[in-house]
Amino acid sequence: MPQSPDAPERMAGMVPGVRAGGFLFLSAIRGRDPATNRMPDDPYEQACQALRNLEAVLAASGATLRHVVKVTLYLHDLEKRQAFHQAWMAFFPEDPPARLAVGVADANAAPGGNAHYVLDVIALAP
């Protein structure tokens, strides 16, 4: 899959996702702002940025949020799930995809650090 100019750069050896069997498999979508290379501290703002980054990665492959069928949400702190859900409802106001939330020991990864969320996404390939 092509790297979107509107999404954060990836570390060497990391791709935004792969296309296989009529699907797009996207991994490690976080709330890092591509303009500043930083993650907002506010959980809601970081969730919105993660979903904007998801939109950008999808757009690079000709897809939209309407193509998303499943999201696995990894959270460092389950207390931040409500902030993510508020952002989720703003981005998916109708017919949202399936979603699962999982608590993990650490959602951070270089570069940027401070990640509250990491998304693993399956979407239909257009």
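Which residues is leucine 51 in contact with, leaving aside its neighbours within four places in sequence? In this predicted model, the contacts of leucine 51 are Phe84, Ala87, Trp88, Phe91, Phe92 and Leu119.

Leucine 51 belongs to the largest nonpolar core, a set of 26 residues. Leu51 is listed there among the residues with the most contacts inside the core, together with Leu26, Leu54, Leu58, Val68, Phe84 and Leu119. At least two residues of this core come from each of strand 2 (23-29), helix 1 (43-60), strand 3 (68-75), helix 2 (81-91) and strand 5 (117-124). The greatest contribution is that of helix 1, which provides 7 residues. In soluble globular proteins, nonpolar side chains tend to be buried together.

The strands were examined next for their pairing. Strand 5 pairs with strand 2 in the antiparallel sense, over 5 bridges; within this pairing, leucine 24 has alanine 123 of strand 5 as its bridge partner. Strand 5 is also joined to strand 3, again antiparallel, through 7 bridges. Here valine 71 lies opposite valine 121 of strand 5.

Nonpolar side chains also occur at the surface. A nonpolar patch is formed there by Val18, Phe23, Phe25, Val69 and Leu124, which together have about 370 Å² of accessible area. One of these residues, phenylalanine 23, is located in strand 2. Phenylalanine 23 counts as partly exposed because its relative accessibility is 30%, a value between the limits of 20% for buried and 50% for exposed residues. In a regular strand, side chains alternate between the two faces of the sheet.

How values were computed:
Residues are numbered from 1 along each chain as its sequence is written. This is a predicted model: local features need pLDDT of at least 70, side-chain atom pairs count only at pLDDT 80 or more; totals for chains, interfaces and linings use all residues. Side-chain values use heavy atoms; hydrogens and water are left out. A nonpolar core is a set of buried Ala, Val, Leu, Ile, Met, Phe, Trp, Tyr and Cys residues joined through side-chain atoms within 4.5 Å. Buried means under 20% relative accessible area, exposed over 50%, partly exposed in between (1.4 Å probe, protein chains only). Helices (H or I, at least four residues) and strands (E, at least two) are DSSP runs, numbered from the N terminus. Contact means heavy atoms within 4.5 Å. Patches are made of residues with over 30% relative accessible area and no salt bridge: like charges are joined within 9 Å, nonpolar side chains (Val, Leu, Ile, Met, Phe, Trp, Tyr) within 5 Å. Accessible areas come from the Shrake-Rupley method with a 1.4 Å probe; for residues, only the protein chains shown count as cover. A salt bridge is a side-chain nitrogen of Lys or Arg within 4 Å of a carboxyl oxygen of Asp or Glu. Two strands pair if DSSP finds at least two bridges between them.
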